[in-house]
Amino acid sequence: MIRDAKAAVALWERTDGRRGQPQIWRAITPEVKRLYENAGWTWSPTRFATEPRPEPRRAAETVDA
């Protein structure tokens with residue numbers, strides 16, 4: 001999923017925003033939602049204002065997909 005999301009962002013950049021997605025999270029969200037719903041979970045989107053900010057990671061903790 002991450003590889004496909006990165007490809008969607010690259011397509012966005014190559015086509016000047018005509019195709020693809022501007023951010024990885026926008027490209028991956030529908031896939032994650034599908035996985036939740038297929039597993040029987042209820043998808044509950046959060047409001048951006050109430051979602052906590054992500055904590056920055058050190059370079060050694062990140063993983064390239």
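A contact is defined here as heavy atoms within 4.5 Å. In the protein, 23% of the contacts with a separation of 6 or more are between residues 24 or more positions apart. The structure is a predicted model, in which local features need pLDDT of at least 70 and side-chain atom pairs count only at pLDDT 80 or more, while totals for chains, interfaces and linings use all residues. Residues are numbered from 1 along each chain as its sequence is written, and side-chain values use heavy atoms, with hydrogens and water left out.

The protein contains two helices and zero strands, assigned as DSSP runs (helices: H or I, at least four residues; strands: E, at least two) and numbered from the N terminus. About 6100 Å² of the protein is exposed, 52% of which is supplied by carbon and sulfur atoms; accessible areas come from the Shrake-Rupley method with a 1.4 Å probe, and for residues only the protein chains shown count as cover. Of the 65 residues, 11% are buried (under 20% relative accessible area, with exposed meaning over 50% and partly exposed in between; 1.4 Å probe, protein chains only).

Helix α1 comprises 13 residues, 2-14, and its end C-alpha atoms lie 18 Å apart, in agreement with the 18 Å expected at 1.5 Å a residue (the expected span being 1.5 Å times one less than the number of residues). Its buried residues are A5, A8, V9 and L11. Viewed down the axis of α1, the buried residues fall within an arc of 155° and therefore line one face of the helix; the arc is that of the directions from the helix axis to the C-beta atoms. The cover over the buried residues of α1 includes α2 (24-38). Exposed residues R3, E13 and R14 are carried on the face of α1 turned away from its buried side. After α1 comes D16, with a positive phi near 55°.
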